Amino acid sequence: MDTKDKKIWGNSPKALNLLNQALQLEYSLIFYYPRLASAIEDKEARNLVLKLGSDSIKHADVVASAIQELGGTPLWSFEPFPEGIDLIKIFQVQLEKEKLALQLHLKNAGLAPAGSLRNRFENMAKEEESHIQIVKNILSNQRVAL
Ligand SMILES: [Fe+2]
């Protein structure tokens, strides 16, 4: 990203806020998927859930790098894994988070100057579409050990 682009994007009041929202969302996905995976009996579904977790780690890296390039500080927090709530409900919340991640990556792609970083956000948005489908499939097959 050249300095001019960085200045334009970095000065957008929404940019860092949106990026940090995306980062926190990816972190909340990261923290839940491994535990969800360990509760799933079906091997294929379990591997898909682990992939969702590792993709979310890569996404968090991209978002955190963008924040640093803009001179911001990556902020993160995590929610403790809910106890006593059934796994289907947790997957339903994960589905909403994946949908929100898609919207945030698209918004960030729209704000980013044309170039490799914009492409990375567009690619992450495409991956979120497949994540949404994976979570929907898991929910519709109900291949979740309760
Ligand atoms: Fe995702």
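Helix H4 covers residues 87–111, and its 25 residues should span 36 Å at 1.5 Å a residue; the end C-alpha atoms of H4 are 36 Å apart, so the span agrees with what is expected. That is a friendly place to start in this predicted model. In H4, the buried residues are Gln94, Lys97, Glu98, Ala101, Leu104, His105 and Asn108. Among the elements that cover these buried residues are helices H2 and H5.

Let us step back and look at the whole chain. There are five helices and zero strands, so the pattern read along the sequence is α-α-α-α-α. Of the 146 residues in the chain, 29% are buried. Among contacts with a separation of 6 or more, 77% are between residues 24 or more positions apart.

Now follow H2 as it meets H4. The axes of H2 and H4 come within 9 Å and cross at roughly 150 degrees. That angle is over 145 degrees, which means that H2 is roughly antiparallel to H4. The crossing of H2 and H4 is left-handed. On the H2 side, the residues making this contact include Ala15, Leu18, Leu25, Tyr32 and Leu36. On the H4 side, they include Leu87, Phe91, Gln94, Leu104 and Leu111. Sorted by class, the contact of H2 with H4 has 15 nonpolar, five polar and three charged residues. Gln94 and Leu104 therefore appear twice in our story: both take part in the contact with H2, and both are among the buried residues of H4.

What does H2 do on meeting H3? The axes of H2 and H3 come within 8 Å and cross at roughly 155 degrees. That makes H2 roughly antiparallel to H3 as well. This crossing, too, is left-handed. The contact of H2 with H3 has 20 nonpolar, four polar and two charged residues.

Before leaving H2, pause at one of its residues, phenylalanine 31. Is phenylalanine 31 buried or partly exposed? It counts as partly exposed, because it has 15 C-beta neighbours inside 10 Å, while a residue needs 20 or more to be buried. Setting aside residues up to four places away in sequence, phenylalanine 31 touches Phe78 and Phe81. Phenylalanine 31 and phenylalanine 78 are 47 residues apart in sequence, yet their C-alpha atoms are 7.3 Å apart in space.

Next comes H3 itself. This helix has 27 residues and reaches 39 Å from its first C-alpha to its last, close to the 39 Å expected at 1.5 Å a residue. The buried residues of H3 include Ala45, Val49, Leu52, Asp55, His59 and Ile67. H2 and H5 are among the elements that cover the buried residues of H3. After H3 comes glycine 71, and the phi of this glycine is positive, near 85 degrees.

How do H3 and H5 meet? H3 spans residues 43–69 and H5 spans residues 116–141; their axes come within 11 Å and cross at roughly 155 degrees. The two helices are therefore roughly antiparallel to each other. The crossing of H3 and H5 is left-handed. H3 brings Ala45, Leu48, Leu52, Asp55, His59, Val62 and Ala66 to the contact, and H5 brings Leu117, Arg120, Met124, Glu127, His131, Ile134 and Ile138. These residues divide into nine nonpolar, two polar and three charged.

One of the H5 residues in that contact deserves a closer look. Histidine 131 lies in helix H5, and it is buried because 26 other C-beta atoms are within 10 Å. Which residues does histidine 131 contact, leaving aside neighbours within four places in sequence? They are Leu52, Asp55 and Glu98. Leu52 and Asp55 are buried residues of H3, whereas Glu98 is a buried residue of H4. The C-alpha atoms of histidine 131 and lysine 99 are separated by 8.9 Å, although the two are 32 residues apart along the chain.

Methods: Residues numbered from 1 in each chain as written. Predicted model: local features only at pLDDT ≥ 70, side-chain atom pairs only at ≥ 80, totals over all residues. Axes fitted to C-alpha atoms, helices over the stretch in contact; angles between N-to-C directions. Helix = DSSP H or I, 4+ residues; strand = E, 2+ residues; numbered from the N terminus. Parallel < 35°, antiparallel > 145°, perpendicular 65-115°, else oblique. Left-handed = near helix turned anticlockwise from the far one by under 90°. Contact = placed C-beta atoms within 7 Å. Nonpolar A, V, L, I, M, F, W, Y, C, P; charged D, E, K, R; others polar. Expected span 1.5 Å × (residues − 1). Buried ≥ 20, exposed ≤ 12 C-beta atoms within 10 Å, placed from the backbone.
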